[in-house]
Amino acid sequence: MPEDNMDTPCMVTCTAPMNIAVIKYWGKRDEDLILPINSSLSVTLHQEQLKTTTTVAISRSFKEDRLWLNGKEEDISHPRLQSCLREIRRLARKRRSERNPRSTESVGLSHKVHICSVNNFPTAAGLASSAAGYACLVYTLAQAFGVEGELSGIARQGSGSACRSMYGGFVQWIMGSKEDGKDSVAQQVEPESHWPELRVLVLVASAERKPIGSTSGMQTSVQTSLLLKHRAEAIVPHRMVDMIEAVRRKDFPAFAELTMKESNQLHATCLDTHPPIFYLNSVSQHIIHLVHRYNKYYGETRVAYSFDAGPNAVIFALQQFVPEFVQLVQHFFPPDRNGEDFIKGLPVKSAALTVELKQSIGLEPLPKGVNYIISTKAGPGPLVVEDPSQHLLSAEGLPKKMV
């Protein structure tokens, strides 16, 4: 927190991860507070491959609050962003008054903030960019303003799934029942170290912006889909219990089956919406066929898919099966780039495919259907970047890089 006699900005930089829901969140009971109609559960992905980095600077010399995303200045008056900023400032004032009840000053709390944020993955392409973005924003603001304690409820007000990115490993978002949303928070089920053999492959089929955003899609589903209501009341509560048990037992077949059924039901709900919403494309469907035929060939569940509100597939597999499946993806989605560029992130060993396996799967190749693969695993929650040279803002509080 800057002192009143300081013109040099107080600056903090943090990183936060994206997460992939395996029990899906789709639909809100309160749009303003972002309260879900069902609980959900996700895997936090490792920040070495997928993260948002945010720098927050506070200074009395700043004339107004400002925001830059991926090198471009954005409107900071967005209601959800303002909600997060307002809540962090409120908690900072409360903490200050509790520490020094006689103080009538809120040193630094009236100062303006500059926020600069960058993603190392495509934004708004169905890769949960808002989750990482708002988690990073709230965590960095909290560090800058000296706010401690439970922050997932604040991140939730920016983007629902952001609350799950406030923790590493396997995380549940408890839907809660209170009208004020105080009990709608995230909770870690198991840390990232719990299941080291589990690997995640993000198959990027499209880095383009989604035709229908998640927020508007959910609103229409809540208004028109009877399946959504049935799912929230009768199906998800049991699946949450089963999924937590599968994670804790490290039972991959149970985890995989639930994950795929959840993904399918999310998109069935989107089709049950009126008018229907289509997030999957022909490449997505091809990947689904590939997974099921691969598992059928071996007579066991070796890989699982999950799709959020976009065409990109997230594949879960135990480490020992990753090389062969990646080779299958390269065979049935021939890339226009070499192997090193096609596979990003954690290294994947090469593997040979048998003629029998390729014939058994029997799909027609879709050239360039998958742009590239991000190889990753479960990872930690938000982190503070200690190296000042990594700040995204200059000493004057302006972005070091602009587009």
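Biologist: Is Ile34 buried or exposed in this model?

Modeller: Ile34 counts as buried, since its relative accessibility is 0%, and buried here means under 20% relative accessible area. Bear in mind that this is a predicted model. Ile34 sits in the loop between strand S3 (28-30) and strand S4 (35-36).

Biologist: Which residues is Ile34 in contact with, once its neighbours within four places in sequence are left aside?

Modeller: The contacts of Ile34 include Tyr25, Lys28 and Arg80, together with Trp173 and the residues Arg156, Gln157, Gly158, Ser159 and Gly160. As for Arg199, which is 165 residues apart from Ile34 along the chain, the two C-alpha atoms are separated by 30 Å.

Biologist: How should I read a sheet, and what is the order of the six strands in the open one?

Modeller: The general idea is that strands of a sheet pair through backbone hydrogen bonds, in either a parallel or an antiparallel sense. In this structure the six-stranded open sheet has the order S8-S7-S9-S6-S1-S17, and its pairing is mixed. Strand S8 (72-74) and strand S17 (383-384) are the edge strands, each of which pairs on one side only. Within the sheet, strand S1 (residues 10-17) and strand S6 (residues 51-59) are antiparallel and share eight bridges, and Met11 has Ala57 in S6 as its bridge partner.

Biologist: Where does His114 lie, and what does its side chain reach?

Modeller: His114 belongs to strand S9 (residues 112-119), and it is buried, with a relative accessible area of 5%. Its side chain reaches the backbone oxygen of Gly397 at 2.7 Å. Not counting residues up to four places away in sequence, His114 touches Thr55, Val56, Ala57, Phe62, Glu64, Arg66, Trp68, Leu393 and Gly397.

Biologist: What is the strand order of the open sheet of five strands, and which strands stand at its edges?

Modeller: The order is S13-S14-S12-S16-S15, again with mixed pairing. Strand S13 (303-307) and strand S15 (343-345) stand at the edges with a single partner strand each, so one side of each has no neighbour in the sheet. From one strand to the next, the twist averages 25°. S15 runs parallel to strand S16 (residues 372-376), to which three bridges join it, and Ile343 stands opposite Ile373 in S16.

Biologist: Which strands does helix H7 lie across, and which does H8 touch?

Modeller: Helix H7 (residues 282-298) lies across strand S12 (198-204), S13 and strand S14 (313-318), and runs at about 160° to S13. H8 packs on the sheet and touches S12, S13, S14, S15 and S16, while its direction makes about 10° with that of S12.

Biologist: Why is H8 described as largely enclosed by the rest of the structure?

Modeller: The reasoning is a matter of burial: nine of the eleven residues of helix H8 (residues 322-332) are buried, so the helix is largely enclosed by the rest of the structure. Among the buried residues of H8 are Val322, Pro323, Glu324, Phe325, Val326 and Leu328.

Biologist: How many residues does the largest nonpolar core have, and where does it lie with respect to the domains?

Modeller: The largest nonpolar core has 66 residues, and those with the most contacts inside it are Phe255, Ile287, Ile315, Phe316 and Phe325. Domain 1 (10-192 + 381-390) and domain 2 (198-377) both contribute residues to this core, so it lies between them. A second, separate core has 31 residues, including Val56, Ile58, Leu85 and Cys136.

Definitions and conventions:
Residues are numbered from 1 along each chain as its sequence is written. This is a predicted model: local features need pLDDT of at least 70, side-chain atom pairs count only at pLDDT 80 or more; totals for chains, interfaces and linings use all residues. Side-chain values use heavy atoms; hydrogens and water are left out. Buried means under 20% relative accessible area, exposed over 50%, partly exposed in between (1.4 Å probe, protein chains only). Helices (H or I, at least four residues) and strands (E, at least two) are DSSP runs, numbered from the N terminus. Two strands pair if DSSP finds at least two bridges between them. Axes are lines fitted to C-alpha atoms, for helices over the stretch in contact, and angles run from 0 to 180 degrees between N-to-C directions. Contact means heavy atoms within 4.5 Å. A polar contact is a pair of N or O atoms within 3.5 Å; within protein, one must be able to donate a hydrogen and the other to accept it, and residues adjacent in sequence count only if both atoms are side-chain atoms. A nonpolar core is a set of buried Ala, Val, Leu, Ile, Met, Phe, Trp, Tyr and Cys residues joined through side-chain atoms within 4.5 Å. Domain bounds come from an automatic or database domain assignment.
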